[in-house]
Amino acid sequence: MRPDIVVIGAGTVGAAIAYGLALRGEHVLLLDGDDGDFRAARANFGLVWLQGKGLGMPAYQGLTRRSIGMWRGFAEELEGRSDTGLCYEQNGGLAFCLGADAFEARQAVLRRLHNQWDGGEPDWEMVDRSGLERLLPKVTLGPDVTGASFGHRDGHANPLRLLAALHAAVIQLGGLVRSNARVNGIDGAGADFRLAIGDEVISAPRIVIAAGLGTQALARQVGLDVPLRPERGQILVTERLDPLLPLPGGGLRQTADGTVMIGATNEDVGYNLSTTGAAAAHLSRTAIRIIPALAGAGLVRQWAGLRVLTPDSYPIYTQSVSHPGAFVAVCHSGVTLAAFHAGVLATAIAAGALPDDLSPFHQSRFDVPQAA
Ligand SMILES: Cc1cc2nc3c(=O)[nH]c(=O)nc-3n(C[C@H](O)[C@H](O)[C@H](O)COP(=O)(O)OP(=O)(O)OC[C@H]3O[C@@H](n4cnc5c(N)ncnc54)[C@H](O)[C@@H]3O)c2cc1C
């Protein structure tokens with residue numbers, strides 16, 4: 001099959017776009033690197049999350065709202081096509097507050113976000129300690145917990161199942177997924193893009209570069225400067241526990257199989273994927289301050305992943321001016337944005353042009369002005 005379009009990078013971002021393109025009748029080839037790559041898609045927390053996002057960037061708040069509005073339909077269709085349950089729940093989500101100052105500060109941030117959005121009735125509320133106890137009847141809260149913000153539209157899903165489902169659905173729709181197919185070079189001089197994979201060359205009229213932290217090097221070859229930086233996040237996982245947390249929290253969520261995920265750190269340590277005792281101690285201490293009973297739960301895993309961040313942490317969606325037909329999609333929160341990527345973004349890429357309302361996400365916002 002000669003592909004209509006090649007998507008480079010089969011993490012959650014590339015796979016969601018490939019799925020959306022395949023749904024629109026495109027012959028898609030989805031290429032992935034190898035186990036030596038940084039793979040945020042296999043390290044994340046699984047939140048499908050709105051509250052607290054987009055301060056100073058209303059377009060990002062809007063994008064996240066759009067994606068969350070589509071998530072239910074996206075999940076149902078994907079589950080049907082892939083025969084894989086995503087464990088998606090959207091019953092709201094909590095950001096726990098420890099101390100009175102944290103409660104005030106959280107409320108202030110969410111108010112500013114609400115004013116920035118001006119979108120009618122708030123879809124969040126601050127709940128005090130007794131309100132939180134009612135939301136979490138099986139939990140005895142630690143003495144420092146003053147309450148939480150409760151985002152009505154927040155939820156969570158199983159991120160590994162999401163990734164597997166996207167790959168399966170691309171194949172079910174007639175696309176091809178290849179792993180261990182690292183693209184070493186892109187030649188965009190002719191009518192087609194020519195992608196070098198070892199000794200092999202693959203040609204296609206359009207490409208999408210969605211290779212996470214591998215994006216920067218590839219994008220440069222189609223005339224795009226895409227500044228990226230890694231940020232390490234470490235996560236702990238407990239043994240399976242009886243149902244305790246009916247709602248996910250920003251740093252604490254119970255999965256469908258009973259384990260409790262605790263995370264994640266935000267560490268500026270470059271391309272370093274090590275786990276550390278200091279992070280384990282910090283995460284455990286915070287979790288126990290919220291729910292002291294977690295002190296009795298055995299930890300079964302700790303891992304680290306690298307977030308894919310632009311300088312302002314917001315996504316980059318762009319098409320190359322020098323090499324039309326070459327698109328770039330890179331972001332943090334690829335789980336939350338998966339419905340948008342498979343829907344609106346894939347439709348635009350299939351049509352050959354990104355809509356004006358995505359212009360705030362062009363990478364030119366990072367261009368340094370030339371000195372006069
Ligand atoms: C600790 C942590 C917690 C997170 N929690 C959440 C959360 O709760 N909710 C949420 O929405 N998001 C979360 N995220 C973010 C989310 O994981 C990412 O946005 C998501 O994984 C998408 O990443 P990606 O597809 O861009 O990149 P990756 O998952 O890193 O995938 C990039 C892929 O590109 C491939 N590749 C690289 N170079 C090449 C090349 N030259 N040729 C071919 N293939 C190549 C790699 O092999 C890799 O598979 C979290 C991330 C981390 C690290």
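How many bridges join β4 to strand β6, and in which sense do the two strands run? Point 5 of this note takes up the answer; the points before it treat the chain as a whole, the ligand and the main sheet.

1. Overall form. The structure is a predicted model. Its chain contains eight helices and 18 strands. The radius of gyration is 21 Å, close to the 21 Å that the globule rule gives for 372 residues, so the chain is as compact as a globular protein of that length. Measures along the principal axes give the C-alpha trace a span of about 65 × 50 × 40 Å. Of the 372 residues, 45% are buried.

2. Surroundings of the ligand. The shell around the ligand comprises 41 residues, and those that come nearest are G11, G212, G214, G233 and G334. Two or more shell residues are given by each of α1 (12–23), β13 (229–238) and β16 (299–309). The greatest contribution is that of β16, with four residues. Sorted by class, the shell has 21 nonpolar, 15 polar and five charged residues. Residues of the shell come both from domain 1 (5–82 + 158–226 + 312–366) and from domain 3 (229–309), so the ligand lies between these two domains.

3. The six-stranded sheet. Six strands make up an open sheet with mixed pairing, in the order β8-β2-β1-β12-β18-β17. At its edges stand β8 (176–178) and β17 (316–319); each has a single partner strand, so one side of each is left without a neighbour in the sheet. On average, neighbouring strands here are turned by 15° against each other, direction ignored. Strand β1 (residues 5–8) runs parallel to strand β2 (residues 28–31), and four bridges join them. Within β2, V28 stands opposite I5. The pairing of β1 with β12 is likewise in the parallel sense, over four bridges, and V6 has I207 of β12 as its bridge partner. On to strand β18 (residues 326–330), β12 is joined by three bridges, and these two strands run parallel. There the bridge partner of V208 is F327 in β18.

4. Strand β12 and the pairs around β13. In a regular strand the side chains alternate between the two faces of the sheet. Strand β12 (residues 206–209) may be read in that light: R206 and V208 point one way, I207 and I209 point the other way, and all are buried. Strand β13, which also gives residues to the shell around the ligand, has seven of its 10 residues buried, so β13 is largely enclosed by the rest of the structure. Its pairing with β16 is antiparallel and extends over 10 bridges. One of the residues nearest the ligand, G233, has G305 in β16 as its bridge partner. Strand β13 is also joined to strand β15 (residues 260–263) by three bridges, and the two run antiparallel. In that pair, the bridge partner of I235 is G263 of β15.

5. The three-stranded sheet. The opening question can now be answered: six bridges join β4 to strand β6 (residues 145–151), and the two strands run antiparallel. Strands of a sheet pair through backbone hydrogen bonds, either parallel or antiparallel. Both β4 and β6 belong to an open sheet of three strands, ordered β4-β6-β5, in which the pairing is antiparallel. The edge strands β4 (93–98) and β5 (124–128) each pair on one side only. From one strand to the next, the twist averages 20°. Between β4 and β6, A95 stands opposite S149.

6. Residue F103. Is F103 buried or exposed? This residue lies in helix α3 (residues 100–117). Around F103 there are 21 other C-beta atoms within 10 Å, and a residue counts as buried at 20 or more; F103 is therefore buried. Its C-alpha atom is separated by 8.2 Å from that of M126, although the two residues are 23 residues apart along the chain.

Definitions and conventions: Residues numbered from 1 in each chain as written. Predicted model: local features only at pLDDT ≥ 70, side-chain atom pairs only at ≥ 80, totals over all residues. Near = placed C-beta within 6 Å. Nonpolar A, V, L, I, M, F, W, Y, C, P; charged D, E, K, R; others polar. Domains from an automatic or database assignment. Pairing = 2+ DSSP bridges. Axes fitted to C-alpha atoms, helices over the stretch in contact; angles between N-to-C directions. Buried ≥ 20, exposed ≤ 12 C-beta atoms within 10 Å, placed from the backbone. Rg over C-alpha atoms; globule rule 2.2 N^0.38 Å.
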